[in-house]
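This report describes a metal site and a contact between two chains. Please consult the sequence and structure shown here.

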There are 4 protein chains.
Amino acid sequence: MSTGYAYHELYGWHDTGTHAGLLPADPRRGLQPHRHFENAEAKRRVHELVVATGLVDRLVRIAPRPATDDEILLVHSRAYLDRLTSSNDTGGDAGDGGSPFGPGGLDIARLAAGGVVQAVTAVVEGRVDNAYALVRPPGHHALRDTGMGFCLLGNIAIAAAAVRLSHGVERIAVVDIDVHHGNGTQAAFADDPATLTLSVHQDRVFPPDSGHVTERGPALLNLPLPPGTGNGGYLEAVRRVVLPALRRFRPDLVLVAAGFDANAVDPLARMMVTASGYREIARLLVDAAGELCGGRIAFAHEGGYDPVYVPFCAHAVIEVLAGVTEPFPDPFEANFDHQGQQELQPHQEAAIVAAEALLPEVPMG
Amino acid sequence: MSTGYAYHELYGWHDTGTHAGLLPADPRRGLQPHRHFENAEAKRRVHELVVATGLVDRLVRIAPRPATDDEILLVHSRAYLDRLTSSNDTGGDAGDGGSPFGPGGLDIARLAAGGVVQAVTAVVEGRVDNAYALVRPPGHHALRDTGMGFCLLGNIAIAAAAVRLSHGVERIAVVDIDVHHGNGTQAAFADDPATLTLSVHQDRVFPPDSGHVTERGPALLNLPLPPGTGNGGYLEAVRRVVLPALRRFRPDLVLVAAGFDANAVDPLARMMVTASGYREIARLLVDAAGELCGGRIAFAHEGGYDPVYVPFCAHAVIEVLAGVTEPFPDPFEANFDHQGQQELQPHQEAAIVAAEALLPEVPMG
Amino acid sequence: MSTGYAYHELYGWHDTGTHAGLLPADPRRGLQPHRHFENAEAKRRVHELVVATGLVDRLVRIAPRPATDDEILLVHSRAYLDRLTSSNDTGGDAGDGGSPFGPGGLDIARLAAGGVVQAVTAVVEGRVDNAYALVRPPGHHALRDTGMGFCLLGNIAIAAAAVRLSHGVERIAVVDIDVHHGNGTQAAFADDPATLTLSVHQDRVFPPDSGHVTERGPALLNLPLPPGTGNGGYLEAVRRVVLPALRRFRPDLVLVAAGFDANAVDPLARMMVTASGYREIARLLVDAAGELCGGRIAFAHEGGYDPVYVPFCAHAVIEVLAGVTEPFPDPFEANFDHQGQQELQPHQEAAIVAAEALLPEVPMG
Amino acid sequence: MSTGYAYHELYGWHDTGTHAGLLPADPRRGLQPHRHFENAEAKRRVHELVVATGLVDRLVRIAPRPATDDEILLVHSRAYLDRLTSSNDTGGDAGDGGSPFGPGGLDIARLAAGGVVQAVTAVVEGRVDNAYALVRPPGHHALRDTGMGFCLLGNIAIAAAAVRLSHGVERIAVVDIDVHHGNGTQAAFADDPATLTLSVHQDRVFPPDSGHVTERGPALLNLPLPPGTGNGGYLEAVRRVVLPALRRFRPDLVLVAAGFDANAVDPLARMMVTASGYREIARLLVDAAGELCGGRIAFAHEGGYDPVYVPFCAHAVIEVLAGVTEPFPDPFEANFDHQGQQELQPHQEAAIVAAEALLPEVPMG
Ligand SMILES: [Zn+2]
Ligand SMILES: [Zn+2]
Ligand SMILES: [Zn+2]
Ligand SMILES: [Zn+2]
């Protein structure tokens, strides 16, 4: 089993400033300067844990390189890229007022998108069996014409489009387990029956009016789960909706938008998934890829904002990719795995049933 | 309307070290040094917001002083106080491995408990109409013989016992809206029919097996709400359980364990309450105190771990106490008040109904 | 003895962003995002120490208010004020690329200048004997037409001009002990024989080519000391240059630009002054004011960038103002007071001698 | 030219706690919790700069491994190692109250010492031409029986003793350019004429009464420079004392204790060396090694506490080792290289002359 791993220290240099969490600091609005929720800590600490436990020694390092204009323009408009380019010297905001970047921010965003392209390409070319791209800034909210939700470039959408073009990969399934709706990826492939976008997320968190189960397209499926969903509900969602959808779609490649903001202490959502939950989700997805497309699966890091716990969640996923049989213990298991209502609840099942009903709409491969 | 406000800068000096969130940092367990979830930021920023908006000018400053041995021994054992005293020069842990403190930690804990005593006393003596004690470390998990859950001394329990002794206050109701079970306060008055302990919290978060609706006592009521409960469920809980219980009990004084960790971005729970929700909860409690006991109500700060949003939640509550009619706007309202499932959900109502059924057990005043 | 103390929590909200110390973060220049040297910590911690030791209880709190346009225009040009005003909603830089501010930054700068005005006015009106204004951002580098060196408004120059206008104070001496040259204050009064500007600083640190002993004016004296000067050199400088100049000038009021960046661990200069050195300097200045102008002296906080040690230096000075006879011990005394070459060195004396020679040019009062 | 580079992310996990700079936080002493001066930032940022500029691609990564008991016991006593071992589970202090470590701290200290051993061994074996070991915690103050000055194990002393034993390296010169006296290394070889310990440092900073020019031994030379010394004085010191001593001693291997705390903004000393100064010092030392011992030279990172500027200083040194001809520009050059008195001063020269006089005592090789 060989697993690619794309990380670059510059990802931690993406500068989201002294925002008060989500909003620009402003004393007149009571917003004392602080950190942006999306700062370097959580991701840098994932990498450091991967090194500290020795897991990195079982991975094949993949060197990120900047995404090219051509790659970016597969997903974004020239006007938007021009806008980012013209702000690259000063920094600015990618569009919605919540996606700040500093000088050189586009350079780092290119390196993130390019890191995913490199990781996915390595999988497609068979140089590695599967891959994890630990990138920053995230990408799954970015739209054709604007950044959004901390995202500048649609990392996964760019990688999917790039390997389709470069390597002729036909059917691609993107499974988005970030706790927020993968609206950018969905929009990028809204008219494309060959790219299944499948997003499991907390009901109406971000974008605020997006990700409804009722949204339709040639190959899209949304599963909004109620706030408070834990391992039980998530695993049931994967087993009853995600896996059947994948089996029906029969992708040639599976990409996973690996957000960890459904974790049990994340500030930016209200879910309860633990490292063991993420481990099991990853195992199900990796097994499905093994069954359906020769194991070709690549994960790209998206959200996840608790600097202490995200590392253990991501580490568990990377262990699964690498086929580690003796996992590094999650020291928070005693705290988080046994909280009340971790198991599937009836109102969670109702949400799953609603998405299950739409499985017949997934185009068969 | 005059509102007392007890705060001391030393509360921010309580040192919870470089814990990895909840656990001592330890590279062998993958625990990179970081902050403890319970660090100074969230509380210090509450105070700074209260100053920045000018709200402080409408408050009567109450100077905290250290709680005395006699006061502490109303709630804690001599053995435990001796243990804390002997660790005061070096720092240590108050008992459960998750309640660290630095050198001088007991001194600060005394100042927190004493701050609540001072605030409550000012209310009881009528020097102020009501009061807010912005103290740290928190207190509601501390038990007779041990610290627990970041708490060293049972601040509210000590204050309740102290004013009963010093001023003959007979019937005291403690309403605990911290998202975790107020087990320490409950235990302190487990045999006391004159002190109603009423805790609304997330089902089985902390302590892990505590706060069940089935727990019984001469004057206790627990309302565990499911994870993911928002303003709708919380307000319904207050209206249908807390207020009826207070009306039945007819307290001479209401104390509120004002934790803000049910807020919509708190790491340590999975609830969705916003500043407007806390504002309305406070209004209901203040009105109830007005109706039942001449308005005698004091809030003591407990949990609440998001440094950015807790300040707006607490600020809203203090505004209600001070009778502010033009509240300072919550800049996060657009983000958090309209998330999915903020309104009461059926499975939340079921939890409320279960607690409602126990109202007849509340002793009548 | 009554001592005024002006501090406002909003001073800590002045936002200098994620600068890499002195320069805007920029990955292309290798500048990883970090803090600006001039961030809130050092000043906020001074205030917290003043509270923690109880010193605040011996002080008379003076409420800062924003400086008015009229006050600001006594020192700055309308064009510059308009420029700051137009950037107030977005934040920006006050002029030299090293003086960043966030949204609302001008509001805070006004509050800083106004805090000094209030403190100085209280002294002039005899409501307090002396005063300390713990303000931020600093002011002594700001020029008529531009901000500079972290400074937006010339706090002390504004206060001096304001009380001259409002209260007819004729002769004012500004003693600048900040380790950098007080070029802004010097420039503001470059043609004014009634305002003596006297700056003791490290030779050519900032501004880089400024503060030479050879600079001349109707009432100015610069004493550039060599890097590495400690308590010995500083006290000799005060005794042999500052005090004689004051005695010659015979001011009606003494203002002190109280920078603490000559402290023994400051990053932004290379001096070795300790808390005991600052204490003695303050004592000499306070005694001189007592001898010369009825004790009318006010200190305004300027630089000082080590968050750990600046508090003890400033605390010592405030103790002197307040006439505290049993000072709070400096816990770093054993570390810093006995380093090599703390005593006056011959090359330091040479610099003092050069300035001494210019004393006859100080206009006699 | 091939240059080894030893770094491990775990070096950043060495936990120096919430110390107030140098002293344990303690509210009773006015010591508000903060960071220890010796925290992870400065070193981690060196590594990140080395990656960000691409310099890392020109280096040969050397994997650190823990130093063995046998290696440690070449320099330290069994009693001391036992003491560290018995504190390894809880954390503690290595001896002087200023050398704190967390749980697993000995493990990281072993990895630091072992990283230096690996780097030096690679040079000795000719696998690389020279090497840089970017380790933490530092080592040059550690004594046989106790830790001291943030140091747990004497990294360089251990490496020197280890390669002498393992590879029969006879004559080793240790040049210590850390701004503090390399007392630990000096003590380790106090009786050994085959190991020249040569320390250039600020006069009497740390240890407080140590590093005098008058100290004698079979092969030791101390050059205490006055506070305020800049590039001019340092380069003169290297040219007139260090290089002649090396030429006289004729080492088989040169080790450099590469502290960067003589940098122009370091809190823990009062020197003014800039990146260009460090670059030139490194060039002189590398050239000397080329002339004297086939270029066999290894640098081990010691102090250096400004997180913003240390990276540029260390980066310049590593560039010299790697033979980079187009150096990455120091963005702070305009700020720091032109400060007053960067050039050699007479009182600095006097100190150099005093050490020069002792050159004849250096044993000839
Ligand atoms: Zn997300
Ligand atoms: Zn809580
Ligand atoms: Zn200064
Ligand atoms: Zn050092």
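## Burial at the metal site

Asp178(C) and His180(C) are both buried (under 20% relative accessible area, with exposed meaning over 50% and partly exposed in between; 1.4 Å probe, protein chains only). The model is predicted: local features need pLDDT of at least 70, side-chain atom pairs count only at pLDDT 80 or more, and totals for chains, interfaces and linings use all residues. Residues are numbered from 1 along each chain as its sequence is written, chains are lettered from A and ligands numbered from 1 in the order in which they are written, and side-chain values use heavy atoms, without hydrogens and water.

## Zinc coordination

The zinc ion (ligand 3) has protein donors from Asp178(C) (OD, listed twice), His180(C) (ND1) and Asp261(C) (OD), at 2.0 to 2.7 Å. Donors are N, O and S atoms within 2.8 Å of the metal (3.2 Å for Na, K and Ca); water is not among the atoms, so sites may look incomplete. Along the chain, the donors of this zinc ion follow the spacing D-x1-H-x80-D.

The arrangement of the four donor atoms is irregular because their angles at the zinc ion (ligand 3) run from 54 to 152°. Four donors count as tetrahedral if all angles lie between 85 and 135 degrees; four count as square planar and six as octahedral if opposite donors are over 155 degrees apart and all others between 65 and 115; anything else is irregular.

## Interface of chains C and D

Chain C and chain D each contribute 47 residues to the contact (heavy atoms within 4.5 Å). Gln32(C), Arg45(C) and Arg270(C) lose the most area to chain D on the chain C side, together 16% of what that side buries.

Terms used:
Buried area is the accessible area (1.4 Å probe) that two parts lose on being put together, summed over both.
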